[in-house]
Amino acid sequence: MVGHNSEMELIYKNVGIVGTGAMGRGIAQIAAQAGSLVTLMDAQTGAAEKAREAICAQWDKLVEKGRLEAAAATGHKARLLVVSTLADLAGCDLVVEAIVERLDVKKTLFAELEALVPAHTVLASNTSSLSVTAIAAALKHPERLAGYHFFNPVPLMKVVEVIAGLKTSAAVCSALTSYARQMGHTPVQAQDTPGFIVNHAGRGYGTEALRIVSEGIANFATIDRILRDQAGFKLGPFELMDLTALDVSHPVMESIYHQYYEEDRYRPSVITAQRLAGGVLGRKTGEGFYRYEGGVAQIPAEALVPEVAEIPAVWVSPRAARRSELLQLLKNLGAPIETGQSPSPEALTLVAPLGFDITTVAVVERLDPARTVGIDLLIDDATTKRRVLATNPATRNDMRDAAHALFARDGKPVSVIRDSGGFVTQRVVAAIVNIASDMCQQGICSPKDLETAVTLGLGYPMGPLAMGDLYGPTNILEVLFNMQTVYGDQRYRPSPWLRRRGAIGLSLMHEES
């Protein structure tokens with residue numbers, strides 16, 4: 001049942017909300033549910049009243065579904081007021097701004113508020129990308145302003161980032177943190193850096209997937225399938241970008257990239273820039289990375305498993321990751337296995353590199369590239385729902401098809417991609433873990449808060465540091481070092497946090513005392 005926590009006295013009894021769009025409405029709803037008297041104000045005539053009606057309608061729906069008692073809904077509605085001027089917020093203990101994401105407009109608003117509200121009133125901005133320090137710069141008392149970043153839809157997304165500007169009082173952040181809990185949300189504390197925690201940590205997933213597409217390695221649907229089935233993400237990156245829409249996600253990519261002075265790890269993609277310019281935004285326009293009919297994505301079918309008369313003998317590189325597990329898998333699949341020091345002239349040759357591409361491995365190990373196929377074994381085969389194979393430019397079609405048919409024998413889906421340093425999952429997971437590690441290195445937040453924020457805010461199968469620990473910091477480190485060698489790109493340079501912990505086999509969650 002939806003209700004408020006009455007076990008302790010409310011931190012803020014009178015809360016003002018300026019801006020009554022989706023975010024303002026959501027914040028107002030949970031604040032009223034917590035027991036606060038909430039006052040709505042919007043510069044647009046009639047907007048605040050419409051917001052109140054919409055929030056009350058939400059409570060009515062909850063009553064109909066049996067998730068809220070009628071008496072509680074009546075009480076919530078009585079605590080939701082509408083006013084027409086900023087001066088009407090003078091009695092508030094907390095004022096939360098949820099207006100347009102423009103620095104000049106926010107600064108002007110808070111300067112006006114500061115002159116109207118008492119000295120004890122806390123000012124908070126729901127900004128998702130602007131500097132809290134910059135917003136507070138024009139105030140006489142910048143210590144009273146903090147970032148208070150909720151996620152849409154607010155009642156369902158149970159995490160809120162509490163952001164300290166350069167001059168924000170620690171007491172203000174502490175109080176906002178406690179109030180978030182009273183509203184039923186999980187607070188995480190972040191320093192005032194571009195993207196804060198969630199939007200910053202989310203940079204690796206989409207941008208690395210876009211790089212994979214730009215290299216012609218696989219199409220959108222294949223990448224989405226791989227990251228859902230092999231790595232356990234709820235939505236593939238292109239499904240996710242279609243859902244959020246490129247007019248939202250691409251500007252965030254550019255904003256964080258430029259705010260970090262063109263840091264390579266956050267580099268955006270020309271693919272999304274072009275699609276944004278062309279109005280191909282995602283679900284809401286009926287076409288994005290997928291075409292939508294009746295709101296349903298039209299996803300191209302997977303390639304059929306090739307029909308192969310006879311599987312050739314299979315030879316596994318001694319340097320293959322998880323070699324013993326791969327050999328056991330081949331036995332389970334009934335493959336004829338060669339055990340010599342080198343493959344016979346007709347053998348299908350399997351390699352399983354971390355970070356390197358199949359071409360590089362074939363050359364270094366002096367293997368015949370025409371018969372060499374790679375398999376991604378970063379993640380234990382027993383825990384994944386899909387196998388991923390990679391060819392190199394010289395791989396013969398019959399060898400590619402034989403490998404595909406062999407690894408599909410037990411019914412597990414198989415994706416075959418073109419040559420890529422790090423396949424798909426390795427490079428995307430490594431990008432996520434590396435960015436998260438560097439956030440800890442920069443002291444943006446604690447490892448614990450990072451894990452909480454990403455799990456609740458992005459819906460990943462686990463936090464990025466836990467992901468790194470599960471697949472092995474040493475393995476992730478090897479993937480990054482080798483990808484940097486393959487691509488010559490500073491994007492893949494390992495964070496010192498990851499490099500040091502990976503080198504000595506320490507958990508990525510470990511904080512130095």
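**Notebook: strands, loops and a charged patch**

I looked up Phe196 and found it buried, at 1% relative accessibility. I note that the model is a predicted one. Phe196 sits in the loop between β8 (186–191) and α7 (198–201). I read its phi as near 50°, which is positive although the residue is not glycine. For background, most residues other than glycine have a negative phi, and most peptide bonds are trans.

I then turned to Arg366, another non-glycine residue with a positive phi, here near 55°. Its place is the loop between α14 (358–364) and β14 (372–375). Arg366 is exposed, because its relative accessibility of 80% is over the 50% cut-off.

Next I went to the loop between β6 and β7, where I found Pro153. The peptide bond from Asn152 to Pro153 is cis, with omega about -5°. Lys158 is in the loop between β6 (145–149) and β7 (159–164) too. I have Lys158 down as partly exposed, at 37% relative accessibility. On the surface, Lys158 joins Lys61, Lys65 and Arg67 in a patch of positive charge.

I moved on to strand β4. Which residues cover its two faces? Leu94 and Val96 lie on one side, Val95 and Glu97 on the other, and all four are buried. This fits the general rule that side chains in a regular strand alternate between the two faces of the sheet.

I listed the partners of β4 as well. Strand β1 (residues 14–18) pairs with β4 in the parallel sense, over 4 bridges. Strand β5 (residues 122–125) also runs parallel to β4 and is joined to it by 4 bridges. I followed Val95 to both neighbours: Gly16 stands opposite Val95, and in β5 its bridge partner is Leu123.

Before β4 comes a loop that starts after β3 (80–82), and Cys92 is located there. I put Cys92 down as buried, since its relative accessible area is 2%. I also checked Cys92 against Ala54: the two are 38 residues apart along the chain, and their C-alpha atoms are separated by 23 Å.

Last, I traced an open sheet of 6 strands. I wrote its order as β12-β11-β13-β14-β15-β16, with mixed pairing. Which strands are at the edges? They are β12 (337–338) and β16 (414–417), each of which pairs on one side only. At the β12 end, strand β11 (residues 314–316) runs parallel to β12, with 2 bridges between them. I noted Glu338 in β12 as the bridge partner of Trp315.

How values were computed: Residues numbered from 1 in each chain as written. Predicted model: local features only at pLDDT ≥ 70, side-chain atom pairs only at ≥ 80, totals over all residues. Heavy atoms only, no water. Patch = residues over 30% accessible without salt bridge, like charges linked within 9 Å, V, L, I, M, F, W, Y side chains within 5 Å. Areas by Shrake-Rupley, 256 points an atom, 1.4 Å probe, with all protein chains shown as cover. Salt bridge = Lys/Arg side-chain N within 4 Å of Asp/Glu carboxyl O. Lys, Arg positive; Asp, Glu negative; His and termini not counted. Charge placed at Lys NZ, Arg CZ, Asp CG, Glu CD. Buried < 20%, exposed > 50% of the residue type's maximum accessible area, 1.4 Å probe, protein only. Pairing = 2+ DSSP bridges.
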